[in-house]
Each structure stands twice: as C-alpha cells, then as structure tokens.
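Here is a short report on how the parts of one model meet. Look at the chains and the domains in turn.

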Amino acid sequence: MSAETIIGKQSIQFREPPHIVSAASVVGKKESEGPLGRLFDQVEEDPMVGQASWEEAESALQKKAARLAMEKAGPGVPPVRYLFSGDLLGQLIATSFGVIDLKLPLFGLYGACSTIGEALMLGAMTVQGGYSEAVLALTSSHFGSAEKQFRYPLEYGGQRPLSATWTVTGSGAFVLARSGGKARITGATPGKVVDYGLKDSMNMGACMAPAACDTICTHLEDFGRQPSDYDCIVTGDLGSVGQRILLELASERGYDLEGRHQDCGMLIFDPETQDTHAGGSGCACSAVTLAAYLLPKLEKGQWKRILFVPTGALLSTVSYNEGQSVPGIAHAVVIEHC
Amino acid sequence: MNEFMEHGQEEQVQLSSEGEQKYNAYVKQVTPVHSLGTQMLKAFVTGGLICCIGQAVLNFAGRMGLDKDMAGAWCSVLLVLLSVVLTGFNIFPGIAKWGGAGALVPITGFANSVAAPAIEYQKEGQVFGIGCKIFTIAGPVILYGIFTSWLLGLAYWVLKLAGVA
C-alpha cells in the first residue's frame, strides 16, 4: 500500500482504508416492485410513512435507515460519533427533523443526488484521520417532497418528457469504522462543479454527464488506472440519456467505459413496466442501490473493486426560473472487497 | 461534430458559448422524444371527448328551458366540478398523461391546475398554504388573461370614441 494520501490533482488515497461495516436501505413501494425489489432491507408501503406530510415521511425514512444501519453494525463496532447526512429539500429539513432523535453531532451536506458520495468521502476522511472511530453516512429522498419542491403538486396533470427521471423514495445509511465488514473505502475523488450550459431540468442526465465524465477521467488519471482496473464503474442517476452521453464524452477523453459502466438509476427501476422514463434519481437512488445491490457483491467477493460515482444536478427553482443553466457534480468513491 | 471542448482544454468545467451550443445540439440529437403524431391523435380524442360531454350538457340544459348564457355557465361549472373531483381521486393526472393538451387546454385543465396545489399545500395551512399557493400554476393564466381582456377593452373604447366601432 502506498504511503501517499494526496494523489494526483484532486484525489485521496486512504493509507488505512476505513471499512463499511454495515449498510441499510429503506425504500417505498414502487422501488420494492423494481428489479432490485427483493434486496432492500425494509419496504414502506405507505408513502406517508404514517406521517402528516411528504417532508415528515422522508425524515421518518432517514431515521429508520440510520437506526437499522447502527443495529446491523452490532455491538462489536465502536459507537457512532458523528453523522454526515443530507437530502434534496430546502435547508435540509428532511435531515434536520429525521436525525434529531439519534442525538448525534451532525454535519449537514448538500450535493443534490450525489450527497451519499460526499458523506462517504468525508466520513472516511474523518475515520482515517483519527477524529472518530465510527461515523454514519446517511441520505434520503422522497418522490412526493421532491416533486413538490422542484416541479408540480402531485395531482397536477401533465406529461413528462422521455428524458425525465423518477425520484426514488427511500433512505440509505452506512456505518464506517476502522475495522469490521468485508468492504472498505480505499480512495476518493471529490468532484468539481461542471456546467456545459444545458438549461433543461427535465433532462438531468445530460446536465450531469459532463460532471460524471470529468470526475471519472480525473480519478483514473490521478490513480494511474484504467477502467479495466474496476469490476464496475457505477454512476448515480444519469439514466439512459445521461449514460449514452457519458460513454461518448469519456471516449473523447480516451477512456472506454462501455461494458464497465452501470447506472443506479437504470438498475433500480424497469422503465418498461414502471413508467419511469430515463431511470431513477434522487439522493436515495445511489444510496439504496449501493446498500442493497453493489455492496453485497463486494462483500461476497464477486467484485473486487468498484468506482461508485453518485451524480448531482445543482439547480433550484430560483436558479431555473432566473434562466441559469443546470450544472452537475459527481463524487467518486473507490470501494474494495477485503 | 461532438468535440465540445477546445483543443488543449480537456478539463474544462465550462464551455465557450460555441461549445455550449454544440453540446445543446448534441443533447437534443441523442434525447428521445414522444412521437408528435401519436400525441396529437391522443389529444384529439381526449379533447374531443371532453367537448362532447360539454356539448351534451349544453343541449340538455337548453332542452330544460335555460337560455344560451345560463346553459353555457352550467356546462363550465359541471366540467370544472368533474375535473376537480377526478383530481381529488388522483384520476385526472392519468387522463392528462395520456391525453396531453387534449385534457389540459379545455377548462378541465385549468380546474386541475387550481385543485392540485390546493390539495398539495393544504398541509402548509389555510392562509400561507392554500391561500398563497393555490394559483401557483394558474396564476399566470389569470393575470395575463385579465390583462389581455383589459387591453382589448381599451382598444374597443378608443375605436368607439373614434367612431370606427
């Protein structure tokens, strides 16, 4: 193992890679009917999760996922000291109200749908740096609260373009510690904001693909690796439109991702039967897919090393209405079997 | 064609305006869209059906002895009621998804655009929720509809003064 921690232009290599000791996924009914349906830990049939509003429902999902992840970590793992969490709602209200009962010091994060990547990276840095023995990385999204904030009330009739994605209802949580578990975070490449001037908020895959490409290519250059060094390079929620663009942009930069690349948004829903158009999106999309599908493959040793790249579209209704473009961001996390 | 980045600037986080135009054109080219023909046909069927219902109400009201204005009012009120009830039962979004503009252009679409925010924002209270946000979608139609009527009225008045109208 190299002694270097600072790698290349913007990457980190962990000298003592923090372990992902447990993961939890809680999802809604639609997600449970998708291709990964049977793999999730908990399914909430009630979209309101017994609460009075979409926002409170999302908070309840966070609380359930966080509790479950800490429960699954078991007594052998040191208690979680810090919490890294975020969501899509204004001023992170799903997080604030969701984690209050956990009574943990909180770092609130916003990276749009890339939030879990940011939480995992910062959590890993905190554990590797010796600032905490165990931390919790957490995020959530909810179809109802996201539609209400970014688009229209749910009962409003309209047509979604084929490039639109469907916000995943759910929450994913991960406990990171110095030891334990069968997967660990060996490296990370935090992403830059990349803006190719696209203004279509209903085509977020195309808005985020340049950011995903930039982070993935920079990561490979920083580590001196090739796509073939990974069993899988998994983006968060580019969807079918964004995937096509990413493959083309990456090939222009000399990297062939064809056959290596997967997208959580395309894994979680079946567009033919679930009417989700280009795929799933939202903070929970990549988080629950990692917890329920990707991580178990690494833990069993079916995969040795993956590059997990959650993607985020950095827009608000204000920036959109004021005519600004939709910039993207993507964070890359290297997760290896151990 | 798809070289958006300028030579030697491979890690650009923003493009030149020319590059942005190229990227926009490329994205347009690779993004699938709904078939216009099918959409128009579905809109025609949906819109046609709604108008048939309206016509039936009008004819019935006429036969009941109502004059043209009253019959028209009953027609609008009943279509609005139908749309609001279907919105409440979450059936209207399905109709609009299938029928597109066919469901949205008639008065049913307008009713849905008022009822939907009322349901969604009810949780934020009677004043700041329903009160402030009920017209978030229909607001522009109301404002510019009234403004245009006022402009036309003004023009009519001027023409009348000039002895033209």
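In this predicted model, 37 residues of chain B are in contact with 31 residues of chain A. Two residues are in contact if their C-beta atoms, placed from the backbone, lie within 7 Å. On the side of chain B that touches chain A, four helices each supply at least two residues: α1 (17-30), α4 (92-99), α5 (101-104) and α6 (107-121) of chain B. The largest share comes from α6(B), with eight residues. Helices (H or I, at least four residues) and strands (E, at least two) are DSSP runs, numbered from the N terminus.

Residues are numbered from 1 along each chain as its sequence is written, while chains are lettered from A and ligands numbered from 1 in the order in which they are written. The model is predicted: local features need pLDDT of at least 70, side-chain atom pairs count only at pLDDT 80 or more, and totals for chains, interfaces and linings use all residues.

Chain A has its own internal contact. Its assignment, automatic or from a database, gives domain 1 (6-177) and domain 2 (183-337). Their centres, taken over C-alpha atoms, are 17 Å apart. Here 56 residues of domain 1 of chain A are in contact with 60 residues of domain 2 of chain A. On the domain 1 side, elements giving two or more residues include β3 (19-28), β7 (134-141) and α5 (143-150) of chain A. α4(A) gives the most, seven residues.

The table splits two of these sides by class. Ala, Val, Leu, Ile, Met, Phe, Trp, Tyr, Cys and Pro count as nonpolar, Asp, Glu, Lys and Arg as charged, and the others, Gly among them, as polar.

| Side | Residues by class |
|---|---|
| Chain B, touching chain A | 19 nonpolar, 11 polar, seven charged residues |
| Domain 1 of chain A, touching domain 2 of chain A | 28 nonpolar, 21 polar, seven charged residues |
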